[in-house]
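Please look over the sequence and the model shown here before reading on. The paragraphs that come after are meant to be read with both in view.

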Amino acid sequence: MSKLPFNQGQPQFIPLTSFIRYPEAEMLARSQAFYADIKRRKTIREFSAQPVPRQVIENCLLTAGAAPSGANHQPWYFVVVADPSLKKQIRAGAEAEEREFYQHRAPREWKDALAPLGTDADKAFLEIAPYLIAIFGQKKTVLDDGSEIKNYYVPESVSIATGFLISALHHSGLATLTHTPSPMNFLNQLLDRPQHEKPYILLVVGYPAENCMVPNIGKKTLADIASFL
Ligand SMILES: Cc1cc2nc3c(=O)[nH]c(=O)nc-3n(C[C@H](O)[C@H](O)[C@H](O)COP(=O)(O)O)c2cc1C
């Protein structure tokens, strides 16, 4: 039976040396500081064309790749697009789907839900932002010898890795838009990805445009989102 190169066949264990046990006061301070930093994150839709250091993106992708995944199969693939002509084609593909969505496919309820965000079918930011990161989930992994291995919990794993990526980009000083033109299959063709990979998200990455505006929206309270039993 084929094995993924990063997963050993037999259980093999090594000591956990990376865990840090903080004093409780420090844990509290760290949790507050992390929340305060994450709370500043806002989805933006007005990007600057200013370039972003590629190594920052690489570090953030490594952070995404450090996410947990079903059976450690790491069923994700990230295509980073900076090439202007490719970005132009992606914009054309996304706008075609979005026009169809806004004019025909979107039910009234969905359009009403989007109203506070002020979004429309124009996606100029796809050409303006320095980087687009197309995030794919892999239903199976194809090894170099052509053999195939099924992947598990793909949407869950890809979503967690994407959360790591968005947080890492924000932490590094960048802004993002989680874009989901639907359907997104045009990305497989444009970015030359196989059919067993499903595009989940097109993450737009860069600095905010000068005087960037964002929707005035809020978040649920702790009581709304959690209970302690
Ligand atoms: C799965 C997912 C899909 C989204 N798709 C789009 C999209 O296609 N276009 C868009 O403008 N925003 C999109 N968003 C961004 C949301 O509208 C945004 O996260 C939400 O309004 C909350 O704002 P915040 O990110 O600033 O907290 C998406 C977000 C998620 C998580």
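What follows goes from the overall fold to two local backbone features and then to the ligand and its surroundings.

The model is a predicted one, and the confidence assigned to it is a sensible place to begin: the protein has a mean pLDDT of 96, with 99% of its residues reaching 70 or more. When the elements of the protein are compared, the lowest mean pLDDT, 92, belongs to helix α4, which covers residues 108-114, whereas the highest, 99, belongs to helix α2, which covers residues 54-65.

The protein contains eight helices and six strands, and a reader who follows the sequence from its start will meet them in the order α-α-β-α-α-α-β-β-β-α-β-α-β-α. Taken along its principal axes, the C-alpha trace of the protein spans about 55 × 50 × 40 Å.

Two places in the loops deserve a closer look at the backbone. In the loop that runs between β4 (148-150) and α6 (154-172) one finds Y153, a residue whose phi is positive, at about 50°, although Y153 is not a glycine. Further along, the loop between β5 (175-179) and α7 (186-190) holds P183, and the peptide bond that joins S182 to P183 is cis, with an omega of about -5°.

The ligand can now be considered together with the protein around it. Where does the ligand lie with respect to the pockets of the protein? The space that it takes is the largest pocket. The residues around the ligand are R41, K42, T43 and R45, then L117 and T119, then L177, T178, H179 and T180, and finally I217 and K219. By character, this shell is made up of three nonpolar, five polar and four charged residues.

Within this shell, several side chains approach polar atoms of the ligand. For R45, a polar side-chain atom lies 2.6 Å from an oxygen atom of the ligand, and for H179, a polar side-chain atom is likewise placed with respect to a ligand oxygen atom, at 3.1 Å. The side chain of T180 is paired with another element of the ligand, since here an N or O atom of that side chain is 2.7 Å from a nitrogen atom of the ligand. As for how much of the ligand is covered, the accessible area that the ligand has on its own is 630 Å², and the protein covers 67% of it.

Notes. Residues are numbered from 1 along each chain as its sequence is written. This is a predicted model: local features need pLDDT of at least 70, side-chain atom pairs count only at pLDDT 80 or more; totals for chains, interfaces and linings use all residues. Side-chain values use heavy atoms; hydrogens and water are left out. A residue is near a molecule or strand if one of its heavy atoms lies within 4 Å of it. A polar contact is a pair of N or O atoms within 3.5 Å; within protein, one must be able to donate a hydrogen and the other to accept it, and residues adjacent in sequence count only if both atoms are side-chain atoms. Accessible areas come from the Shrake-Rupley method with a 1.4 Å probe; for residues, only the protein chains shown count as cover. On a 1 Å grid over the protein atoms alone, a cavity is a set of points where a 1.4 Å probe fits but cannot get out, and a pocket is an open set with protein on both sides within 12 Å along at least five of seven lines; lining residues have an atom within 4 Å of a point. A molecule sits in a cavity or pocket if more than half of its atoms lie within 2 Å of its grid points. Ala, Val, Leu, Ile, Met, Phe, Trp, Tyr, Cys and Pro count as nonpolar, Asp, Glu, Lys and Arg as charged, and the others, Gly among them, as polar. pLDDT is the predictor's confidence in each residue, from 0 to 100. Helices (H or I, at least four residues) and strands (E, at least two) are DSSP runs, numbered from the N terminus.
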